[in-house]
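Biologist: Please take a close look at the largest cavity of this model, and then place it in the setting of the two chains and a few of their buried parts.

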There are 2 protein chains.
Amino acid sequence: MSDLGYRFDLTAEEMPTQWYNILADLPYEIPRDISLKNNSEKQKMVMQVPMELIRQSMGKQRYVDIPDEVLSAYRQWRPSTLVRAVALEKALDTPARIYYKYEGNNISGSHKLTTAIAQVYYYKKAGVKRVTTGTGAGQWGSALSVACKMFGLECLVFMVGISYKQKPYRKILMKMNGAEIYSSPSEITEAGRKFLALNADAKGNIALAIAEAIEATTTDNSTRFCIGSGEPYSILHQTLIGLEAKLQMQKAGDYPDFVVGCLGAGSNFGGLTFPFLQDRLVGDSKVRCISVEPASCPKLTRGEYRYDFTDSSGVTPMEKMYTLGHDYVTPDIHAGGLRYHATSKLVSAIYHHGDIEAVAYQQREVFKSGVLFSQTEGIIPAPESAHAVHGAIELALAAKENNEAKVILVGISGHGHFDMSAYESYLAGELDDVNITDRQIRDSLDKIPDVSALLDQ
Amino acid sequence: MSDLGYRFDLTAEEMPTQWYNILADLPYEIPRDISLKNNSEKQKMVMQVPMELIRQSMGKQRYVDIPDEVLSAYRQWRPSTLVRAVALEKALDTPARIYYKYEGNNISGSHKLTTAIAQVYYYKKAGVKRVTTGTGAGQWGSALSVACKMFGLECLVFMVGISYKQKPYRKILMKMNGAEIYSSPSEITEAGRKFLALNADAKGNIALAIAEAIEATTTDNSTRFCIGSGEPYSILHQTLIGLEAKLQMQKAGDYPDFVVGCLGAGSNFGGLTFPFLQDRLVGDSKVRCISVEPASCPKLTRGEYRYDFTDSSGVTPMEKMYTLGHDYVTPDIHAGGLRYHATSKLVSAIYHHGDIEAVAYQQREVFKSGVLFSQTEGIIPAPESAHAVHGAIELALAAKENNEAKVILVGISGHGHFDMSAYESYLAGELDDVNITDRQIRDSLDKIPDVSALLDQ
């Protein structure tokens, strides 16, 4: 390979025009969801999803055409870059070849914009005027507000109070894109007012922010609830990442031994890895897809595969997932996007069948790798993405140990420009690692309602 | 043009390998600098510039080879993107075709990294172990720290106290790259301690930060003072921006009627426009190069062309420039990089001879255009860059008025991710426009020492 060829860019014409649906190639079924009757009213609100998105979550069509309007919006920043991390390789003195796929190069700053655009397109087509959501650190709210601005929909965001205060830059980004944004708990919903009556200086939490968004939802088309990750359709949309990366690896004349992504609810990890996993499911590839999760939120490595709610308030239908229990209180680590108690039923089933692997790391080693990546490759990874970077570095060091020229592809899901205070804490030596006990996980798992009786229906 | 072809990317192989030196093509001389004797000791410290950089400031060689190590470092993010701003055109409903060249896509966040890398390379080659500088809002300090990390030099930065406090993200970026950074006034220099003795809670200013850096400079190779913009060599390095843009405009099958850049000390503006200006100086191009400055710091539009110090403390040699007086106190606008009392002698001479044009805008209209650009093109321009965006939008609206399909190329010198609080102030209606009186400018100009006697030597 030429020393010049660090970047393997695709032209606009080379961008794939279909998403990849892994359901077509899985030799097993995804367990169906279960609805508890006492939640039916709120569930209706949550489940008012456009028919097209429901079809995308259930269908077995291998490739799904990306609508022209969505393709056109994607072209603002896609195809995204794939780079060989030559400087990082040198710093590690490894025989491994490391490539990274970078999703932070758009105004929202992360991969989430890829599904936000598709979702907003389908909601608009269904006649919806406004979408609403709850957001924690703000990546999803940012992406949704950008997509709404593109397609002319209104956007109502409830942002967790403490983040609204401590992470002001994403709040400003949402305002810049015309979103109506409230610190949650807010005064505009009953849920918010109730909470405020009890806690005057409330910091809020993601469950409450979502509850406020659900309350603001209507049964007509005026306001619908919209969710960012975990659902099979959001993973489907994100497969564009992996599809592009496959073409780019071809340009590089290489093929990965490992594909590494961080894992929250699953859309980043699934989007990057599923197109490669296809080669393994239906071809003779031996590619290993490795998910990286925080040691403080170890759903795959220490959770159980069982039915649980996808939200922490227990309103949604129950899905079969690797979970720590919807009541699990994730320690306050900086990778907000990975602080989810479970992961998508799709990723969970695939892990259960042994087709992907999982590792968990502590945040100090993760930030150390994030700093090294910044210094060598000139991109500051978001704290979430730094988990994947650390996973890739561990693999590259193992390759050095064994003197093997392994090929590693790592997904950088977003930039850390709005998370610099997290890096500051790390550099100042103020970050702690967190050791979760088995007992903590057990206690939380024990709070999940037993649904075994319902499974024989 | 295909609807797909929004981006006109160059491959790594297509990146120019030489800088362009406009001195070769100017039909007039740049007035020589003047040194005042009473400043000679400190001047020595300021002027310890590697011979190669001095040659680059005086020579008339039309093209200067970029060293291989510098080219290799540039490839981390260069060639930078050139995009046709189709969404912005639509929003303006203009027949004009608007292209933008984006320099924010590197870890330092602005064009400054392009000269920082070259300078650090030459300082290292000259045997220097550490460079030091003063930085205001932090763009230059950030770029220098990144370049030092790349080449293994130490970096000592004095950052204006108030920015150190209010713009923490750039400070963290510098620390991440291993720079030693002090809030100025600091305790480690005499200048800093003196200032602190008089003002316990000192906010500092750029003149003091530079004075501290100069004090930290040594006459041997252990620590040298390094400066970011304005010097002919820094503009030379930045011409890569314009050289790339020329190739990219060819790919687009278009040629600009206008090239628009914001103007501080001159390296962004000169870097973008000089390669196009060459076509006008030695060819038959009618391209118009337009500099955009803040109405609150109107050096070209309301300053005088005369000898002045390039720093506000009056330590440096005097250069013939458009200036508002080195004592001019720029109102506290958010475009920190444009708050310079003068502009490069090179840009000044070219303006004096009528080869470029200048406009000045108020910050509220500038931020309004910055928000529109963010919403349509998905890039948040730095407040400095938003000045250029506003200039381009004004031209596009004039083209609409006259129903002319003008071609406009605008330089986006950096991203605004670390300036979101400025956008927040704008969105909250808290920004004021500032009207500078003729008297203010006159008073400041009258403080410049009269050097007419020295000119007849």
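Modeller: What follows begins with the cavity and then turns to the chains around it.

The model is predicted, so local features need pLDDT of at least 70 and side-chain atom pairs count only at pLDDT 80 or more, while totals for chains, interfaces and linings use all residues, and side-chain values use heavy atoms, with hydrogens and water left out. Residues are numbered from 1 along each chain as its sequence is written, and chains are lettered from A and ligands numbered from 1 in the order in which they are written.

On a 1 Å grid over the protein atoms alone, a cavity is a set of points where a 1.4 Å probe fits but cannot get out, and its lining residues have an atom within 4 Å of a point; grid points are joined across faces, edges and corners, and a volume is the space filled by probe spheres set on the points. By this rule there are seven cavities of 30 Å³ or more, and the largest holds about 730 Å³ of space. Its lining comprises 40 residues, of which A:Y102, A:N105, B:T81, B:Y102 and B:N105 are the closest to its centre. Strands, taken as DSSP runs of E of at least two residues and numbered from the N terminus, also enter the lining: β4 (97-102) of chain A and β4 (97-102) of chain B each supply at least two residues. By class, the lining has 16 nonpolar, 18 polar and six charged residues, where Ala, Val, Leu, Ile, Met, Phe, Trp, Tyr, Cys and Pro count as nonpolar, Asp, Glu, Lys and Arg as charged, and the others, Gly among them, as polar.

As for the two chains, a rotation of 180 degrees with 0.0 Å of shift along its axis superposes chain A on chain B with an RMSD of 0.0 Å, by least squares on the C-alpha atoms of residues with pLDDT of at least 70 in both. That is the relation of a two-fold axis. The same surface serves both copies, since 100% of the contact residues of chain A recur in chain B, contact meaning heavy atoms within 4.5 Å. Of the residues of chain A, A:H417 comes closest to the rotation axis, with its C-alpha at 3.3 Å.

Among the buried parts (under 20% relative accessible area, 1.4 Å probe, protein chains only) is A:H341, at 5% relative accessibility. The side chain of A:H341 reaches the backbone oxygen of A:F309 at 2.8 Å.

Key: Buried means under 20% relative accessible area, exposed over 50%, partly exposed in between (1.4 Å probe, protein chains only). A polar contact is a pair of N or O atoms within 3.5 Å; within protein, one must be able to donate a hydrogen and the other to accept it, and residues adjacent in sequence count only if both atoms are side-chain atoms. On a 1 Å grid over the protein atoms alone, a cavity is a set of points where a 1.4 Å probe fits but cannot get out, and a pocket is an open set with protein on both sides within 12 Å along at least five of seven lines; lining residues have an atom within 4 Å of a point. Helices (H or I, at least four residues) and strands (E, at least two) are DSSP runs, numbered from the N terminus.
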